[in-house]
Amino acid sequence: MYGTSANVSERAVAAPSLAISTVIFALRPSVSSGRPTLWLPLVRRIREPYKDLWALPGGPLTHTESLQDAASRNLRETTGLAPSYLEQLYAFGGLHRSPTQRVVSIVYWALVQPTEAALADESENVKWFRADKVGDLAFDHNAIVEYALFRLRSKLAYGSVAYHFLGEYFTLAQVREVYEAVLDTRLDPANFRRQLKATPEIEETGEYLQGGKHRPPRLYRFTGRPGLDPDNRSTP
């Protein structure tokens, strides 16, 4: 049993607690194939309830900070990450999310580039997991991850989303790898390239990616409006 200072009747009339959780997606190489796959950082709980289970980074909302500031602080304190863009995803407030008290969580999410993801603190209690292999998480965090994946895959229809995973300059093959990682499927390279080059917000830079064994691929950049919102509607 989980300890709590309030009995059942007291809990029934107590005001719900507010918490912040964050879902951070990044691309990392698959251990088996080396191809980019979708990963997210999780934090091991060190106290009850759900002690030793993995959970999304987060924590309580204080009286002196905004939702956005709380999300940034919790993420920084637990993982060391400071994404340049955080967006509010959804509010989760099921009656039985926590066995000790009623908790409503405001969930934020962000997409980070590999260089940002590499800055995350990793330890015995903070690790990266493949988004499709997180196992059993604390509270309802499995449902939160599933919903975030659903939203991410839906937002691939909007032009700017994939470019949050990439640097300022990228090859068309790198964009295809983002789509394949998020959708967890292989795409026809020639057809994808043809459709992507027809997207107005994709601009040739005149530069080439150096360092490979073959002919260097051309570099492109995204000229549309950044953000996870649905206002950029061009799609390959």
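## Worked exercises on a predicted model

Nine aromatic pairs are counted when rings of Phe, Tyr and Trp (its six-membered ring) pair with centres within 6.5 Å, planes under 30 degrees apart being stacked, over 60 edge-to-face and the rest tilted. This is a predicted model, in which local features need pLDDT of at least 70 and side-chain atom pairs pLDDT 80 or more, while totals for chains, interfaces and linings use all residues. Residues are numbered from 1 along each chain as its sequence is written, and side-chain values use heavy atoms, without hydrogens and water.

### Exercise 1. An aromatic pair

Classify the pair formed by Y179 and F192, and state which helices the pair ties together.

Step 1. The ring centres of Y179 and F192 are 5.2 Å apart and the planes stand at 65 degrees, so the pair is edge-to-face.

Step 2. Y179 belongs to helix α5 (residues 172-183) and F192 to helix α6 (residues 189-197), so parts 13 residues apart in sequence are tied together by this pair. Helices (H or I, at least four residues) and strands (E, at least two) are DSSP runs, numbered from the N terminus.

Step 3. Accessibility can now be added for both residues. Y179 has 6% relative accessibility and counts as buried, and F192 is buried as well, with a relative accessible area of 8%. Buried means under 20% relative accessible area, exposed over 50%, and partly exposed in between (1.4 Å probe, protein chains only).

Step 4. Look also for the aromatic cluster formed by Y90, F92, Y147 and F150.

### Exercise 2. Helix α4

Compare the span of α4 with its expected value, then find where its buried residues lie around the axis.

Step 1. Helix α4 covers residues 141-155, which is 15 residues. The expected span is 1.5 Å times one less than the number of residues.

Step 2. This rule gives 21 Å for α4, and the C-alpha atoms at its ends are 21 Å apart, so the two agree.

Step 3. The buried residues of α4 are H141, I144, V145, A148, L149, R151, L152 and K155. Down the axis of α4 these buried residues fall within an arc of 165 degrees, so they line one face of the helix. The arc is taken from the directions that run from the helix axis to the C-beta atoms.

Step 4. A general rule helps in reading such a list. An α-helix has 3.6 residues a turn, so residues three or four places apart point the same way.

Step 5. The face of α4 turned away from the buried side carries the exposed residues E146 and F150.

### Exercise 3. Backbone angles

Which peptide bond is cis, and at D52 and F139, what is phi?

Step 1. Begin with the general rule. Most residues other than glycine have a negative phi, and most peptide bonds are trans.

Step 2. The bond from E48 to P49 is cis, with omega near 0 degrees. P49 sits in the loop between β2 and β3 (54-55).

Step 3. D52 lies in the loop between β2 and β3 too. Its phi is positive, near 80 degrees, and D52 is partly exposed, with a relative accessible area of 47%.

Step 4. F139 is placed in the loop between β7 and α4. Phi of F139 is positive, near 55 degrees, and with 25% relative accessibility F139 counts as partly exposed.

### Exercise 4. Contacts across the sequence

Give the C-alpha separation of R130 and R28, of N74 and G58, and of Y50 and S98.

Step 1. R130 is part of strand β7 (residues 126-130) and is buried, at a relative accessible area of 18%. The C-alpha atoms of R130 and R28 are separated by 8.6 Å, although the two residues are 102 residues apart along the chain.

Step 2. N74 belongs to helix α2 (residues 67-79) and counts as buried, at 4% relative accessibility. From C-alpha to C-alpha, N74 and G58 are 5.2 Å apart in space, and in sequence 16 residues apart.

Step 3. Y50 lies in the loop between β2 and β3 and is partly exposed, with a relative accessible area of 23%. Y50 and S98 are 48 residues apart in sequence, with 9.3 Å between their C-alpha atoms.
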